[in-house]
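I sat down with this one and kept notes as I went. The entries below follow the order in which I looked things up.

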Amino acid sequence: MIINPLELNQSQRLEAMNQLGKDAHPEMTWIYRALPSCTMQITVNGPKSGQQTFGLQMSGADVDISFNKAEKVYGVKVQPKEGDTLEERPVLLSKTWLDAIEMNNLVRSFQVGCQMSAGPVSINNTNPS
């Protein structure tokens, strides 16, 4: 089911992102958590890379979709704003274009939502932001 992330609050967006991160790739899982100052913490579990956790400053970051022809996988990537030292990081890899589009929209909506709210967001909170 396609959802409109603009109709969701931040907690619901994170919940949808975590569901996608759990189901989008057969060999990897992605876990998302909101941190203060519009930072997203991402934990990736994969058979080749083990577990990796990193944070991305989402305020002003570019979000884009790519396609790796060799691996036949779509990627949703975040590039922090100019001047930051972090390089572009994937926030989801998926075998389907629809998952990549949905995550792209959720991440962009998360950016808008975190800039409008103050402090961290709990994924268990279902009250509108």
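**Entry 1: β1, β2 and their sheet**

I started with the pairing of β1 and β2, which run antiparallel and are joined by seven bridges. For a register mark I took T29, which stands opposite N45 in β2. On this sheet I then found α1 packed, touching β1 and β2. The direction of α1 makes about 160 degrees with that of β1. Note to self: this is a predicted model, so everything here is read from a prediction.

Next I wanted the whole sheet. It is open, built from three strands in the order β1-β2-β3, with antiparallel pairing. Which strands sit at the edges? They are β1 and β3, each of which pairs on one side only. I also looked up the twist: neighbouring strands here are turned by 20 degrees against each other on average, ignoring direction.

**Entry 2: the loop between β1 and β2**

I went through the backbone angles in the loop between β1 and β2, where S37 is found. S37 has a positive phi of about 65 degrees, although it is not a glycine. C38 is found in this loop too, and its phi is near 60 degrees, again a positive value in a residue other than glycine.

Then I checked accessibility. Is S37 buried or exposed? S37 has 57% relative accessibility, so I put it down as exposed. C38 has 9%, so that residue goes down as buried.

**Entry 3: the second sheet**

I moved on to the other strands. Three of them form an open sheet in the order β4-β5-β6, and the pairing is antiparallel. The edge strands are β4 (62-68) and β6, each pairing on one side only. Neighbouring strands of this sheet are turned by 25 degrees against each other on average, direction ignored.

How many bridges join β4 to β5? I noted seven, with the two strands running antiparallel. My register mark here is F67, which stands opposite Y74 in β5. The helix packed on this sheet is α2, which touches β4, β5 and β6. The direction of α2 makes about 165 degrees with that of β4.

**Entry 4: S94**

I stopped at S94, which is found in strand β6. Its relative accessibility is 1%, so S94 counts as buried. What does its side chain do for polar partners? One polar contact goes to the side chain of D99, at 3.2 Å. A polar atom of the S94 side chain also lies 3.1 Å from the backbone nitrogen of T96.

I listed the contacts of S94 as well, leaving out residues up to four places away in sequence. They are A24, H25, V73, Y74 and D99. Y74 is a name I already had, from its place opposite F67.

**Entry 5: the core**

Then I went inside. The largest nonpolar core has 31 residues. Which residues have the most contacts inside it? Y32 and I42 do. Elements giving two or more residues to this core are α1 (10-23), β1 (29-35), β2 (39-46), β3 (50-57), β5 (73-79), β6 (89-94) and α2 (97-116). The largest share, six residues, comes from α2.

I followed Y32 further, again skipping residues up to four places away in sequence. Y32 touches L14, M17, N18 and G21, and also M40, Q41 and I42. V91, L92 and M103 complete its contacts. I42 turns up here as a partner of Y32, and it is the other residue named for the most contacts inside the core.

**Entry 6: the whole chain**

I left the overview for the end. I counted two helices and six strands in the protein chain, and along the sequence they follow the pattern α-β-β-β-β-β-β-α. How much of the chain is buried? Of its 129 residues, 40% count as buried.

For contacts with a separation of 6 or more, I noted that 46% come from residues 24 or more positions apart. The accessible surface comes to about 7,500 Å². Carbon and sulfur atoms account for 50% of that surface.

Terms used. Residues numbered from 1 in each chain as written. Predicted model: local features only at pLDDT ≥ 70, side-chain atom pairs only at ≥ 80, totals over all residues. Heavy atoms only, no water. Core = buried A, V, L, I, M, F, W, Y, C linked by side-chain atoms within 4.5 Å. Buried < 20%, exposed > 50% of the residue type's maximum accessible area, 1.4 Å probe, protein only. Helix = DSSP H or I, 4+ residues; strand = E, 2+ residues; numbered from the N terminus. Contact = heavy atoms within 4.5 Å. Pairing = 2+ DSSP bridges. Axes fitted to C-alpha atoms, helices over the stretch in contact; angles between N-to-C directions. Areas by Shrake-Rupley, 256 points an atom, 1.4 Å probe, with all protein chains shown as cover. Polar contact = N/O pair within 3.5 Å; in protein donor to acceptor, adjacent residues only side chain to side chain.
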